[in-house]
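Q: I'd like a close look at one strand and what surrounds it. Could you start there and then work outwards?
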Amino acid sequence: MNIVVCMKRVPDTAAKIRVSSNGKTIDESGIEYVINPYDEYAIEEALRIKEKSGGEVIILTLDSSDAQPVVRNALAMGADRAVLLKCAAKPVDSLATAQALAAGLKELNADIILMGKQAVDYDNLQVGPMVGQLLGIPCVSVITKLEIADGKAVARRQIEGGEEVVETTLPAIFTAQKGLNEPRYASLKGIMAAKKKSLVEKDAQSAEECIEVLKMEIPPARKGGRIVGQGIDAVPELVKLLQFEAKVL
Amino acid sequence: MMANILVFAEQRDGKFKKSAYEVIGAAKNIASQIGGQVVALVVGSGIEGIAGELAGYGADKIVVADNEVLKLYSTAGYSAAVVEAVKKNDAGCVLMPASFMGKDLAPAVAAALGTASATDAIGIEVADGAVVATRPVYGGKSLVKVKSKKAPFIVTLRPNVFPVPQKDESKSAAIEKIDAHISADSIKAKVKEVVAGAAGKLDLTEASIIVAGGRGMKGPEGFKVLEELADAIGGVVGASRSAVDAGWISQADQVGQTGKVVSPTLYIACGISGAIQHLAGMSSSKCIVAINKDPEAPIFQIADFGIVGDLFEVVPALKAEIKKAVGG
Ligand SMILES: Cc1cc2nc3c(=O)[nH]c(=O)nc-3n(C[C@H](O)[C@H](O)[C@H](O)COP(=O)(O)OP(=O)(O)OC[C@H]3O[C@@H](n4cnc5c(N)ncnc54)[C@H](O)[C@@H]3O)c2cc1C
């Protein structure tokens, strides 16, 4: 079983975001990068499939600058090797990202492609279904359970008020939602082993971006901080405010 | 003559989602600025009967792709229908709800047409003759305004953010059938079963009132107190990640960066500190109330109204007071 995990390096979720002087991107100075949280679920699932059915887990990432340290963390979790597609500037556009990844994936002959349901930088939620469309293979998005047997997969995907049980042929793409599994931590042994694992850099196939960012800004802060009072004595006043001022009751 | 705006009017089990009407309203607003018609597309099986209803919400024309194969959602089947409708209707912009269905469908359609898609927009406007979408990025810590260099621009709109248009029963619209040219065999990923969560419970993403609990609930028992408040005010219970990871409540109820993004009218956060990753999921709520015993909890900085106190005393009192006030 050839399992490829598409992984992205993203700012730590607790990072403070500032807009850079061009007004269109974030100021990257001082930002710490981590594995996209949803991709951790994808990596964990890939490792579990390998542990059960054998095969190889390959990390595929698209980046403009040095993604190696973060990719090594994925190798330390237990992935076998990594391919880093180098691009001139990290695309903002999901389609351009999907096109570059699809080109990279064609060479890797995957039976199963896993990725996070979204990267928590641009929060686009689009790359999985786009790659599926480009490669002409099914994509099941936002999954919370995956079972592989007899060359087929059965996945559960989240929908409003429940789940869909989806059966698909392989090869297929699955995008991971929290709840799919509990990602493992890299062990010290894993970290040592990762240093020796293969990490190949290649030029990414360049793709034209169709999204144009006009402006990035920090949203106005909510005017919060109005403490109505302490304990149950404040309850009648709160209900009045909700009823007559906010008009939400 | 400007290109038209195609709206994917999501239905499940022969019923339109509220977000389908919200999207038609947004499309109407755009069309009034750049011209063109609002064309509503309904995809499914046996849905011709309900399609006409969309005229009342502002659809100038209605297109249906009605086929047994499209009874349940599939990316392949539904995207084929949307692509066909785009081609037949000179669509310059395609709007969909940012529901689980819309968020799966929009990118597949965009890739098939080689065009741009912007997901989970909280604003949409016309600037210099182009459709511009505003969407939160970096977990809502920043906003971007984006447009597409190619047509059609595909945009999904966050549910509960755009108003439902007033229905005008007197309106009618022509209904046209299209063929998605899709066979059962060409759908490789098929829905075998739809498993309903807690029966009849409204999803967090669609709820207009959410009562959410965090680590301060102390255990699964604590959530009963919240259920009672939610029942009294027609709300749904949500949770922070701490409560979910502790196993007190299901993953489907998690609000936040790794949970659901919600935009209710009222969000009552009980025993939730207000970590940045939690705010990522709920800060576009219209009114936020926080109940926390720690006056320094960051949640108070974004809450419209706060009560400092023990939630196990405050929440039942709040339930009683609301019942008294609104006669629930
Ligand atoms: C990658 C990543 C993703 C994450 N995604 C999410 C996410 O999607 N959603 C999410 O919520 N978190 C998420 N988190 C976790 C987040 O950082 C916080 O740990 C979490 O939100 C804290 O939950 P909490 O507020 O319930 O608990 P705490 O921070 O422990 O807060 C509990 C609060 O309850 C109050 N309290 C206790 N007892 C009472 C009482 N009797 N009456 C009143 N108040 C009381 C306390 O004063 C405190 O403020 C994520 C973290 C990471 C790193």
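In β6(A), which residue is the bridge partner of V4(A)?

A: The partner of V4(A) in β6(A) is I113(A). Before going further, keep in mind that this is a predicted model, where local features need pLDDT of at least 70 and side-chain atom pairs count only at pLDDT 80 or more, while totals for chains, interfaces and linings use all residues. Residues are numbered from 1 along each chain as its sequence is written, chains are lettered from A and ligands numbered from 1 in the order in which they are written, and side-chain values use heavy atoms, leaving out hydrogens and water.

Back to the strand. The elements here are DSSP runs numbered from the N terminus: helices are H or I with at least four residues, strands are E with at least two. Two strands pair if DSSP finds at least two bridges between them. Strand β1 (residues 2-7) of chain A runs parallel to β6(A), with four bridges between them. β6(A) also pairs in the parallel sense with strand β10 (residues 172-176) of chain A, this time over five bridges. I113(A) turns up again there, standing opposite I173(A) in β10(A). As for cover, five of the five residues of β6(A) are buried, where buried means under 20% relative accessible area, exposed over 50% and partly exposed in between (1.4 Å probe, protein chains only).

Follow the chain out of β6 (112-116) and you get to the loop that leads to α4 (127-135) of chain A, which is where D121(A) lies. D121(A) counts as buried because its relative accessibility is 3%. Leaving aside residues up to four places away in sequence, D121(A) touches K8(A), R9(A), V10(A) and P11(A), plus V137(B) and Y138(B) from the other chain. Contact here means heavy atoms within 4.5 Å.

That takes us to the interface. It draws 92 residues from chain B and 81 residues from chain A. The area buried between chain B and chain A is about 7200 Å², with carbon and sulfur atoms giving 59% of it; buried area is the accessible area (1.4 Å probe) that two parts lose on being put together, summed over both. Y138(B), one of the residues touching D121(A), is also among the three in chain B that lose the most area to chain A: F100(B), Y138(B) and F305(B) together make up 11% of what that side buries.

There's polar chemistry across the contact too. Between chain B and chain A there are 43 residue pairs in polar contact, both at pLDDT 80 or more. A polar contact is a pair of N or O atoms within 3.5 Å; within protein, one must be able to donate a hydrogen and the other to accept it, and residues adjacent in sequence count only if both atoms are side-chain atoms. The rule also finds five salt bridges across this interface, a salt bridge being a side-chain nitrogen of Lys or Arg within 4 Å of a carboxyl oxygen of Asp or Glu. E208(A) with K150(B) is a salt bridge, its closest N and O atoms 3.9 Å apart. Backbone pairing crosses over as well: strand β12 (residues 211-217) of chain A and strand β10 (residues 142-148) of chain B run antiparallel, joined by six bridges. In that pairing, I211(A) stands opposite S148(B) in β10(B).

Over all chains, the structure holds 40 salt bridges. One of them links K90(A) and D63(A), at 3.9 Å from N to O. K90(A) sits in the loop between β5 (81-86) and α3 (94-106) of chain A and D63(A) in strand β4 (residues 56-63) of chain A, so this pair ties together parts that are 27 residues apart in sequence. Both K90(A) and D63(A) are buried.

Another salt bridge stays within a helix: R48(A) and E44(A) come to 2.7 Å at their closest N and O atoms. Both lie in helix α1 (residues 37-53) of chain A, four residues apart, about one turn. R48(A) is partly exposed because its relative accessibility is 36%, whereas E44(A) is buried at 2%.
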